[in-house]
Amino acid sequence: MHIAKHSLVSALAACALLLFPATSIGESVLVGSGSASAGQEFRIVIPSVLRVLENRYPVSLVAESTGNWSAQQRLVVASNMKRGFCVTLRVSVPEVQAWRLRTPQVRDITQEAVRDGYRLCASGPGRYALVLNHEFDAATQRSAFGALLWPVQTDITAL
């Protein structure tokens, strides 16, 4: 009986607390005849993206009858960079004496020869699919070399 009486007293005390407003409930008061207004400022930040979706080329090149090599590279790049990006292509193997790069004209892409290769630049955001035709001249007689491993290094830089 003592336990039941104690439980009944606890339950009545808990109910009595529910009847009185809690001190943690916030209140607001509008003083005067002015109106209330609030403004919010949202800022959405989209991260910069420069992604190579595809960089396909042959692993090795077989010499043509002239002893030289040719190959095609497919490069697909997607970017949301406002100022664009540049792709720098370099050959760094002694087997290649000369190199020519031919690309079909692509809107918003410029191509220029640089000291040790070529630079292709996109002037703004977008998805760019480039077909790059490479021609390599052998430094010496082809009979001295086996198949040529892919000799082009591709670097991409955001602007």
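Let's start with a pair of strands: strand 4, which covers residues 85-91, and strand 10 run antiparallel to each other and are joined over 7 bridges. If you want a spot to look at, go to T88, whose bridge partner in strand 10 is D155. Please keep in mind as you browse that this is a predicted model.

**The sheet around strand 4**

Strands 4 and 10 belong to an open sheet of 4 strands, ordered 6-7-4-10 and paired in the antiparallel sense. At its edges sit strand 6 (109-114) and strand 10 (152-158), each of which pairs on one side only. The average turn of neighbouring strands against each other in this sheet is 20°, direction ignored. As general background, the strands of a sheet pair through backbone hydrogen bonds, in either a parallel or an antiparallel way.

**A second sheet**

Another open sheet, again with 4 strands and antiparallel pairing, has the order 1-3-8-5. Here the edge strands are strand 1 (50-56) and strand 5, with pairing on one side only for each. Neighbouring strands of this sheet are turned by 25° against each other on average, again ignoring direction. Within the sheet, strand 5 and strand 8 run antiparallel and are joined by 6 bridges. A handy landmark is L101, which stands opposite H134 of strand 8.

**The whole chain**

Stepping back, the protein contains 1 helix and 10 strands. Read from the N terminus, the order of elements is α-β-β-β-β-β-β-β-β-β-β. Of the 159 residues in the protein, 26% are buried. Among contacts with a separation of 6 or more, 75% are between residues 24 or more positions apart. The accessible surface of the protein is about 11700 Å², and 56% of that belongs to carbon and sulfur atoms.

**The nonpolar core**

Now for the inside. The largest nonpolar core has 24 residues, and L89, W99 and F136 are the ones that touch the most other members. At least two residues of this core come from each of strand 3 (69-79), strand 4, strand 5 (96-102), strand 7 (117-122) and strand 8 (126-138). Strand 8 gives the most, with 5 residues.

L89 is worth a closer look. Setting aside neighbours within four places in sequence, the contacts of L89 include W99, L101, Y118, L120, L132 and H134. Other contacts of L89 are with Q73, D116, G117, V152, Q153 and T154.

Two of the core residues named above can also be judged by their accessibility. W99 has a relative accessible area of 12%, which is under the 20% limit, so W99 is buried. F136, at 1% relative accessibility, counts as buried too.

**Aromatic rings**

The count of aromatic pairs comes to 5. In general, such a pair is described by the distance of the ring centres and the angle of the planes. Here are two pairs that involve W99:

| Pair | Centre to centre | Angle between planes | Arrangement |
|---|---|---|---|
| W99 and Y118 | 4.9 Å | 90° | edge-to-face |
| W99 and F136 | 6.2 Å | 15° | stacked |

Because W99 lies in strand 5 and Y118 in strand 7, their pair ties together parts that are 19 residues apart in sequence. Both W99 and Y118 are buried. The W99 and F136 pair also links distant parts of the chain, with W99 in strand 5 and F136 in strand 8, 37 residues apart. Y57, W99, Y118, F136 and W150 form one aromatic cluster.

**An exposed loop residue**

For a contrast with the buried rings, turn to V62, found in the loop between strand 2 (60-61) and strand 3. Is V62 buried or exposed? V62 has a relative accessibility of 66%, which is over the 50% limit, so V62 counts as exposed. Apart from neighbours within four places in sequence, V62 is in contact with N68 and W69. The C-alpha atoms of V62 and A147 are separated by 5.2 Å, while the two residues are 85 residues apart along the chain.

Methods:
Residues numbered from 1 in each chain as written. Predicted model: local features only at pLDDT ≥ 70, side-chain atom pairs only at ≥ 80, totals over all residues. Heavy atoms only, no water. Pairing = 2+ DSSP bridges. Axes fitted to C-alpha atoms, helices over the stretch in contact; angles between N-to-C directions. Core = buried A, V, L, I, M, F, W, Y, C linked by side-chain atoms within 4.5 Å. Buried < 20%, exposed > 50% of the residue type's maximum accessible area, 1.4 Å probe, protein only. Contact = heavy atoms within 4.5 Å. Phe/Tyr/Trp six-rings, centres within 6.5 Å; stacked < 30°, edge-to-face > 60°. Areas by Shrake-Rupley, 256 points an atom, 1.4 Å probe, with all protein chains shown as cover.
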